[in-house]
Amino acid sequence: MLRLELLGNVRVLLHGVPVPLGVKPLALLVYLALEGRVSRRALATLIWQDAPKPLNNLSVAKHQLERALGDVLDADIETLALKNFSCDALEFTASNPAAWALWRGGFFTGVRLAGWEMQLSEMWQDWLYQTRSRFAATRQQIASNSAETQIASGDLEGALPFLEVAASGDEPSEDAATRLILVLGALDRPQAALEVFNRLVRLLRDELGVEAMVETKAALTLARSDAAVCRASLKPRATDLVRSEASDLPFVGRDPELRRVSDWLQTGSPRVAVIEGEPGAGKTRLAVELLRGTQATTWRLECLHGSLSGATLAALTRGFTGQFSDLHSDSRAALERLIGVRDARESLPPDLEQRALFTGLRTLLARASPHVGLLIDDLQWADEATLRFLGWCLSEPMPVKQFTVLVTLRSTEAARGDVPGLLADLTRRGIALRLTLPALDLSAVQMLAEHCGTTTDATALHSASGGNPFYLLELLRSPDGRGRISELIRARLEGLGGVALQTLEALCVTGLTSVALLHSVSGRSLNEEYDALGALSNAALLHSGETVRFAHDLVRESVTAQLSPARAQLLHLRAARALVGTASAEAATHYWAAKDAWGEGDLALAVKTFVELGTRSGYQGER
């Protein structure tokens, strides 16, 4: 049995016995092991880039491998592949629980790689560099997942070594460093947390030319002041944004729609399901239930009303910060420009910039799982950049086995961009199903009323709510089961106190966000913020986890209706200041919304933000 050990010192073992190989046969063997079946011409060009007859050189190396290792190559006239072998690097990328013990060092680091000495082509060395970066990023991800497992079990000490690995590497992971700071704070080690923070700040400035995020600074504040709050903030992270959703009502009355969409999604790939209906109809809840039973690794995007072009894709991109290193240089630079990394390369021409950005995002999405899902909420508010990205992903081959897109769409709102054109095109191509959610029938309302133990007559509830699940939920929460929805929500808000209301007002401005940014915008202390988030979660007004979001858009709209223009400008100005230096679409959005409240110091930053954003966003179609 052929065994390849490529992590750390390289060893080729045949039946457990080391076999020495020359440089070129070894390069051929390693490439075939990781890349699978490859055309002979591509292999020859890769390894013998400057040779006059590279196919002849490949033939020589092939025979050398066969003499040393026996029948290990599966060859035909056009291609070569490696057969009957095992490899620690491939086992490591499977990310199973035993993968951690396989790491003996970086990929192929036990071999000296000076080009003049080994006579390897620049193309092969470029491939090697990218592969090394990919394995380093995989190790960081495994470490991060292992750390979360330890945190979930309450073993904070056991999480520390994993977090140290996750926070280090060629490209610093700020998310992992923030998590490490909180764990050290929870263990009452404020000095160690400060050292981690200072090290991260130096790396961010030297390697990426950026400042630490507001979330990281808030984590340090917690770590130096309150171990109990640090522990409370270390809730286990959801590995799937969709599955972190919760509802206090059972899912009833949608079985026909659930079966129809589920059957549709299983008929091929890619598949798109567009779930339409009025606000409160349960569109997102249906999408959550559809994805709950699948193996898809799902990302959720929220299209926010009034956001600048690129803001939605920027929010998605930031979820992959620290994973850009092995992407093509053009894609990496385009992603960095989108999220405002200082000193990113100059923009490409618009069409090339768009392709580089979209290719990079697609690669990041596909990397984690063979079954990828996108849940896009409120597509009617999507900007042109988001619509183009969605259309492009569904037109270009996605490097996964299954690609599922679930879209929610308000039937009562006018679309911001050419949503009708996109959906018409997807429908013509036979990959989109459009489904409008009807009102719940009386039997479903009866079941929900019995579940809640209400004494209100189900027929009266059905008539008052019109079969709208959100309206029904509010009526069931009302002491007397009566009242307009806005009044019911307002009554719950008034019972929570001023801090909770200020938190909700800040969330109106920031949208889906972190606790740290919410704290900076609301103006309340972190202790007050965590108390308010707990009360608001218990009142089913928002979902609080790794990120904070409204339980429903109608809650946001009720709070927004009570928000005065002056208060809104103040909150936008705080958000802009919290995001200072990012040159991001979100920062520009908040500066624009707060333009009447700018001071002298804000004006220069606002102009700089708009200029930097505008120079790299022409391809998005909105300036």
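**Close-up views of a predicted model**

**Figure 1. The loop around P270.** P270 lies in the loop between α12 (255-265) and β8 (271-277). The model shown here and in the other views is predicted. The peptide bond that leads from S269 into P270 is cis, and its omega is near 0°. Both S269 and P270 are in contact with F403, as is R271. The charged end of R271 is placed over the ring of W264, at 4.6 Å from the ring centre.

**Figure 2. F403 and the largest nonpolar core.** The largest nonpolar core has 47 residues, and the members that touch the most others are L379, F403 and V405. Apart from neighbours within four places in sequence, the contacts of F403 are S269, P270, R271, V372, L374, C393, L394 and M398. A second core of 45 residues is separate from this one; L6, L7, A27 and A44 are among its members.

**Figure 3. S411 in the loop after β11.** S411 is found in the loop between β11 (402-410) and α18 (419-428). Its relative accessibility is 48%, so S411 counts as partly exposed. When neighbours within four places in sequence are set aside, S411 is in contact with G277 and E278. From S411 to Q380 the C-alpha distance is 8.6 Å, with their positions 31 residues apart in sequence.

**Figure 4. The aromatic pair of F108 and W124.** A pair of aromatic rings is described by how far apart the centres are and by the angle of the planes. The structure holds 10 aromatic pairs. One of them joins F108 and W124 in an edge-to-face arrangement, with 5.8 Å centre to centre and 70° between the planes. This pair links distant parts of the chain: F108 belongs to the loop between α4 (88-93) and α5 (115-118), W124 belongs to helix α6 (residues 122-152), and the two are 16 residues apart. Both F108 and W124 are buried. For F108 the relative accessibility is 2%, which is why this residue counts as buried. The backbone of F108 has a phi near 55°, a positive value in a residue other than glycine.

**Figure 5. W124, W127 and the ring cluster.** W124 also pairs with W127; this pair is tilted, with 5.5 Å centre to centre and 50° between the planes. W124 and W127 are separated by about one helical turn because they are 3 residues apart in helix α6. Like W124, W127 is buried. Through ring pairs, Y31, F107, F108, W124, W127 and F135 are linked into a cluster.

**Figure 6. The buried side of helix α2.** Helix α2 spans residues 40-47, and its buried residues include L43, A44, L46 and I47. They cover an arc of only 165° around the axis, so they lie on the same side of α2. The cover over the buried residues of α2 includes α1 (23-35), β4 (38-39), α3 (54-69), β6 (79-82) and α6. A44 is also one of the residues of the second nonpolar core, together with L6, L7 and A27.

**Figure 7. A166 in helix α7.** A166 is part of helix α7 (residues 156-167). A relative accessibility of 2% is why A166 counts as buried. Q140 is 26 residues away along the chain, yet its C-alpha atom and that of A166 are separated by 4.3 Å. Leaving out neighbours within four places in sequence, A166 is in contact with Q140, A143, S144, S173 and A176.

**Figure 8. D188 between α8 and α9.** D188 is located in the loop between α8 (174-186) and α9 (190-208). Although D188 is not a glycine, its phi is positive, at about 60°. D188 has 59% relative accessibility and therefore counts as exposed.

**Figure 9. The whole protein, for orientation.** The secondary structure consists of 29 helices and 14 strands. Of the 623 residues in the protein, 51% are buried. Among contacts with a separation of 6 or more, 71% are between residues 24 or more positions apart. The protein exposes about 27,700 Å², of which carbon and sulfur atoms supply 52%.

Technical notes
Residues are numbered from 1 along each chain as its sequence is written. This is a predicted model: local features need pLDDT of at least 70, side-chain atom pairs count only at pLDDT 80 or more; totals for chains, interfaces and linings use all residues. Side-chain values use heavy atoms; hydrogens and water are left out. Rings of Phe, Tyr and Trp (its six-membered ring) pair if their centres lie within 6.5 Å; planes under 30 degrees apart count as stacked, over 60 as edge-to-face and the rest as tilted. Helices (H or I, at least four residues) and strands (E, at least two) are DSSP runs, numbered from the N terminus. Buried means under 20% relative accessible area, exposed over 50%, partly exposed in between (1.4 Å probe, protein chains only). A charge sits over a ring if NZ of Lys or CZ of Arg is within 6 Å of the ring centre and within 35 degrees of the ring normal. Contact means heavy atoms within 4.5 Å. Accessible areas come from the Shrake-Rupley method with a 1.4 Å probe; for residues, only the protein chains shown count as cover. The arc is that of the directions from the helix axis to the C-beta atoms. A nonpolar core is a set of buried Ala, Val, Leu, Ile, Met, Phe, Trp, Tyr and Cys residues joined through side-chain atoms within 4.5 Å.
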